Amino acid sequence: MTATGRGLGRGGHGGNRTPLGRPASPVRRSPAALVRRHPYSPAALWRDFLRPWRTRRLLEVHLLVLVLLAAVASSALFLSCRQVQHNADALAAREAPAVQGLAATRLAALRADQEVHALVAGGLIGVAGSGETYRSQLSAADQGLSRIADRTDQDLGTVKGLLATYTDSLTLGASLYRDQPLMREQKLEEAHSLLTREGVGLVPRLDALQRVQLRHAEATAAMDGVQRGVWWLAECALAALALTLLSALFVLRDRCGRDWNAYLLAAFALTVLLAVVPLMTVSATEGGLTRAVGELRQITEVSRRSGPEPAEAQKHVTERSEDVRQDTDDGAWADRVYRATFAGSLLAVALPALGLGLRLDKDYWRRL
């Protein structure tokens with residue numbers, strides 16, 4: 001038997017040995033050779049799709065598409081987040097306090113009338129300290145209207161005039177004419193008429209203002225069709241940006257033999273974060289605004305149906321107002337996400353441009 005035969009007989013792999021007898025190292029296959037074993041894999045299909053393009057032109061197209069998609073996604077995302085944050089701020093600073101203030105003013109005026117009639121029925125008119133409750137309620141109603149004037153664009157002049165007239169009549173009936181029952185009764189009836197007269201009284205006018213203000217709050221908290229369209233545009237652009245980044249990384253490894261591009265990898269991770277974190281934040285903010293509007297509806301209903309117990313209604317309104325404040329304050333952290341989204345949007349444009357721009361400059365543009 002020859003030496004060659006002996007070699008095959010001992011090792012069984014004589015053809016895979018070097019002339020010195022050492023085992024030959026395994027052959028490294030190129031990515032293209034590996035993909036040919038799976039002709040219907042996504043990588044093979046994408047390679048066949050990109051085959052007509054020259055490498056330089058392919059990278060330049062990827063660079064252009066990445067910058068455009070990043071710019072569109074960043075702009076739409078920035079506008080959407082800013083609008084949601086603006087809605088939350090407007091509801092917390094203007095609309096919710098106006099609804100709460102109108103309800104509180106209505107209940108304070110009703111309770112003042114109730115307290116004065118209780119004093120008259122109990123014969124306590126003129127007793128020291130007996131009128132503090134109704135005076136404090138009238139003062140609260142006046143202060144409430146003054147605060148509402150800064151938070152609404154509705155005309156409060158007529159309501160303020162009615163409240164001033166009602167306050168004068170109630171005060172005269174409770175203080176000035178305490179020794180003249182007929183005059184006192186007339187002034188108290190006049191005050192009650194100013195308070196409850198159908199259509200033109202203080203309470204009906206406050207009811208009308210409450211309905212309008214509640215509609216303003218609902219419109220402020222709701223996301224309209226344009227806002228949802230811009231948000232969908234941002235999400236679709238981010239999805240397209242992520243796919244284009246994967247395609248650029250594939251081209252660099254497949255055609256240029258390069259390792260993973262750190263700029264493109266960072267841009268891909270940032271794109272995923274921009275697609276997820278602001279969406280979760282906006283969803284949480286919208287949930288808080290929806291709950292706040294529901295509680296504002298409850299406040300409005302309770303103030304309208306206070307009946308003979310305005311004090312209990314005032315307590316309920318105070319509790320619901322605290323819930324509204326907590327729901328609107330829960331969205332305060334969204335402001336930090338909004339600022340982070342702005343910075344991330346700028347990076348989403350810069351990182352792909354740097355990643356492919358530097359590679360093109362090094363491999364192609366400098367050789368011109």
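**Exercise 1. Explain how Arg56 and Glu60 are placed relative to each other in the helix that holds them, and describe their contact.**

Step 1. Arg56 and Glu60 sit four residues apart in helix α4 (residues 55-122), so about one helical turn separates them. Helices here are DSSP runs of H or I with at least four residues, strands are runs of E with at least two, and both are numbered from the N terminus. An α-helix has 3.6 residues a turn, so residues three or four places apart point the same way.

Step 2. The model is a predicted one, in which local features need pLDDT of at least 70 and side-chain atom pairs count only at pLDDT 80 or more, whereas totals for chains, interfaces and linings use all residues. Residues are numbered from 1 along each chain as its sequence is written, and side-chain values use heavy atoms, with hydrogens and water left out.

Step 3. The side chains of Arg56 and Glu60 form a salt bridge, with 3.0 Å from N to O; the term requires a side-chain nitrogen of Lys or Arg within 4 Å of a carboxyl oxygen of Asp or Glu. Arg57 also belongs to this picture, since Arg56, Arg57 and Glu60 are linked in a network of salt bridges.

Step 4. Arg56 is partly exposed at a relative accessible area of 24%, while Glu60 is buried at 17%. Buried stands for under 20% relative accessible area, exposed for over 50%, and partly exposed for the range in between, with a 1.4 Å probe and protein chains only.

**Exercise 2. State how many salt bridges the rule gives, and place the pairs Arg111 with Glu115 and Arg228 with Glu286 in the chain.**

Step 1. The count comes to twelve salt bridges. Side chains of opposite charge can pair when their charged atoms come close.

Step 2. Arg111 and Glu115 make a salt bridge at 3.7 Å, N to O, and both belong to helix α4, where they are four residues apart, about one turn of the helix.

Step 3. Arg228 and Glu286 make a salt bridge at 4.0 Å, N to O. This pair links distant parts of the chain, with Arg228 in helix α9 (residues 225-255), Glu286 in helix α10 (residues 262-304), and their positions 58 residues apart. Arg228 is partly exposed, its relative accessible area being 43%.

**Exercise 3. Describe the largest pocket by its volume, its lining and the helices that supply the lining.**

Step 1. The largest pocket holds about 350 Å³ of space. On a 1 Å grid over the protein atoms alone, a pocket is an open set of points with protein on both sides within 12 Å along at least five of seven lines, a cavity is a set of points where a 1.4 Å probe fits but cannot get out, and lining residues have an atom within 4 Å of a point. Grid points are joined across faces, edges and corners, and a volume is the space filled by probe spheres set on the points.

Step 2. The largest pocket is lined by 18 residues, of which Gln100, Gly101, Ala104, Thr105 and Arg147 are the closest to its centre.

Step 3. Helices α4, α5 (132-149) and α11 (310-329) each supply at least two residues of this lining, and α5 gives the most, with seven residues.

**Exercise 4. Compare the linings of the largest and the second largest cavity.**

Step 1. The structure holds two cavities of 30 Å³ or more. The largest cavity has about 70 Å³ of space, and the second largest cavity has about 30 Å³.

Step 2. Cys81, Val84, Gln85, Thr281, Val282, Thr285, Ala334, Val337 and Tyr338 line the largest cavity, to which α4, α10 and α12 (334-363) each supply at least two residues.

Step 3. The second largest cavity is lined by Val84, Asn87, Ala221, Met223, Glu286 and Leu289, and α4 and α10 are the elements that give two or more residues to this lining.

**Exercise 5. Find which side of helix α7 its buried residues occupy.**

Step 1. Helix α7 (residues 181-196) has 16 residues and reaches 22 Å from its first C-alpha to its last, close to the 22 Å expected at 1.5 Å a residue; the expected span is 1.5 Å times one less than the number of residues.

Step 2. Arg184, Lys187, Leu188, Ala191, Leu194 and Leu195 are buried in α7. These residues lie on the same side of α7, because they cover an arc of only 120° around the axis, the arc being that of the directions from the helix axis to the C-beta atoms.
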